[in-house]
Structures are given as C-alpha cells and as structure tokens.
Amino acid sequence: MFDRICRSLKNRRGFTLVELMVVVAIIGILVGIAVPLFNKSTSSAEKKACHANQRIIEGAAMQYYAEKNTWPSDVEALVNEGYLQEEPKCPLSKSGYTINDKGKVTGVKPPGSGGTQCNHGYYANDGGQFPGSGSSSP
Ligand SMILES: [Zn+2]
C-alpha cells in the first residue's frame with residue numbers, strides 16, 4: 001500500500017477515485033464513532049458539575065445555619081453573606097438554584113439566556129426528583 005502511494009506520488013498521476021472514496025469512508029467512520037462519545041462525555045460532565053453545585057450550596061447553607069442558627073432565605077443570601085463567592089449555575093440551563101427553608105436544593109430556576117431546561121435531577125437522589133418537587137415555584 002505504502003509503495004503504491006509512493007509510486008503514485010512519483011508518477012504525479014494522483015489517487016484514483018476508489019482510493020479517495022476509501023479514505024473518505026474511513027474518516028466518516030472515525031467521526032461517526034468520535035462524535036457520539038464526545039457528546040456523551042460532555043453531558044455526563046455537565047450532570048456531575050450540576051450535582052457538585054447542589055452539594056456546594058447545601059454545604060454552604062449548613063455552614064450558614066451553624067453560624068447564624070437560621071437557614072438562608074435563598075442562594076443570593078449565601079453569596080451576600082460570603083458563604084459562596086458567586087451563585088453557582090447549572091451548566092445546561094445556565095441559571096441558578098432554589099433552596100427551601102431547610103437549606104435543601106429544591107430545583108433549578110427557569111433556563112437563562114442560551115440555556116435549556118436542566119434535566120440533571122437531585123444529586124442525593126442519583127439524579128431523581130428534588131425534595132418537595134412539584135411545589136417548586138417557577
Ligand atoms: Zn442541571
């Protein structure tokens with residue numbers, strides 16, 4: 001094969017149509033394998049980041065409760081009091097989280113600009129329903 005390629009380069013005749021079609025087909029197969037794997041790993045990473053955000057918010061809320069003996073009203077209160085540097089946002093929906101009066105994450109706010117609905121679920125429930133979901137305010 002290599003000799004043939006070298007010979008065809010010396011001959012300056014170029015590649016035959018069949019040879020080019022084989023190369024294009026091989027590239028197509030490789031792209032067909034790589035793209036779904038890349039998409040899968042991206043969505044898996046987004047889900048893990050979303051769950052890590054929820055864990056961080058609940059940790060900060062517990063810290064808030066330990067120091068002030070009252071639960072934070074919302075995630076903004078955690079930011080304002082210095083328990084979080086900035087409001088964590090779901091990488092898919094690009095919007096912040098809501099918490100209940102016991103410091104548990106109850107859901108994700110409606111999608112921000114350029115985001116779609118978060119479908120990552122609650123971290124402690126392996127991506128299942130949020131605690132008290134169904135009553136979460138839109
Ligand atoms: Zn999410």
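1. Long-range contacts. Take the contacts between residues at least 6 apart in sequence: 47% of them join residues at least 24 apart. The model is predicted, and every point below should be read with that in mind. Buried residues make up 20% of the protein's 138 residues.

2. Layout. The protein has three helices and two strands. Along the sequence they come in the pattern α-α-α-β-β. The helices are thus followed by the strands in that reading.

3. The long helix. Helix α2 runs over residues 17-68 and has 52 residues. From its first C-alpha to its last it reaches 75 Å. The span expected at 1.5 Å a residue is 76 Å, so the two values are close. Just past the end of α2, Asn 69 takes a positive phi of about 60 degrees.

4. Burial along α2. Which residues of α2 are buried? They are Cys 50, His 51, Asn 53, Gln 54, Ile 57, Ala 60, Ala 61 and Tyr 64. The list mixes residue types, with His 51, Asn 53 and Gln 54 among them. In an α-helix there are 3.6 residues a turn, so residues three or four places apart point the same way. The spacing of Asn 53, Ile 57, Ala 60 and Tyr 64 can be read against that rule. The cover over the buried residues of α2 includes α3 (75-80), β1 (97-99) and β2 (105-108).

5. The nonpolar core. The largest nonpolar core has 16 residues. Those with the most contacts inside the core are Ile 57, Ala 60, Ala 61, Leu 78, Tyr 97 and Ile 99. Which elements each supply at least two residues of this core? α2, α3, β1 and β2 do. The largest share, five residues, comes from α2. As background, nonpolar side chains tend to be buried together in soluble globular proteins.

6. Leu 78 as a contact point. Leave out residues up to four places away in sequence, and Leu 78 touches Ala 60, Ala 61, Tyr 64, Pro 72, Tyr 83 and Leu 84. Ala 60, Ala 61 and Tyr 64 are also on the list of buried residues in α2. Leu 78, Ala 60 and Ala 61 are named among the core residues with the most contacts.

7. The hairpin. β1 and β2 pair in the antiparallel sense, over three bridges. Ile 99 stands opposite Val 105 in β2. Five residues lie between the strands of this hairpin, and Gly 103 there takes a positive phi near 75 degrees.

8. Lys 102. This residue sits in the loop between β1 and β2. Is Lys 102 buried or exposed? Lys 102 is exposed, because 12 other C-beta atoms lie within 10 Å and a residue with 12 or fewer counts as exposed. The C-alpha atoms of Lys 102 and Tyr 65 are separated by 9.1 Å, though the two are 37 residues apart along the chain.

9. Ser 44. Ser 44 belongs to helix α2. With 10 other C-beta atoms within 10 Å, Ser 44 is exposed. How many residues separate Ser 44 and His 120 in sequence? The answer is 76, while their C-alpha atoms are 9.5 Å apart in space.

10. Phe 15. Look for Phe 15 in the loop between α1 (2-11) and α2. Phe 15 is partly exposed because 14 other C-beta atoms lie within 10 Å, short of the 20 needed for burial. Phe 15 and Arg 4 are eleven residues apart in sequence, and their C-alpha atoms are 10.0 Å apart.

11. Two positive phi values outside glycine. Lys 94 has a phi near 55 degrees, positive in a residue other than glycine. Lys 94 is in the loop between α3 and β1. With 16 C-beta neighbours inside 10 Å, Lys 94 counts as partly exposed. Asp 126 also has a positive phi, near 55 degrees, and is likewise a residue other than glycine. Asp 126 falls in the segment after β2. It has 8 C-beta neighbours inside 10 Å, so Asp 126 counts as exposed.

Technical notes: Residues numbered from 1 in each chain as written. Predicted model: local features only at pLDDT ≥ 70, side-chain atom pairs only at ≥ 80, totals over all residues. Helix = DSSP H or I, 4+ residues; strand = E, 2+ residues; numbered from the N terminus. Contact = placed C-beta atoms within 7 Å. Core = buried A, V, L, I, M, F, W, Y, C linked by C-beta atoms within 7 Å. Pairing = 2+ DSSP bridges.
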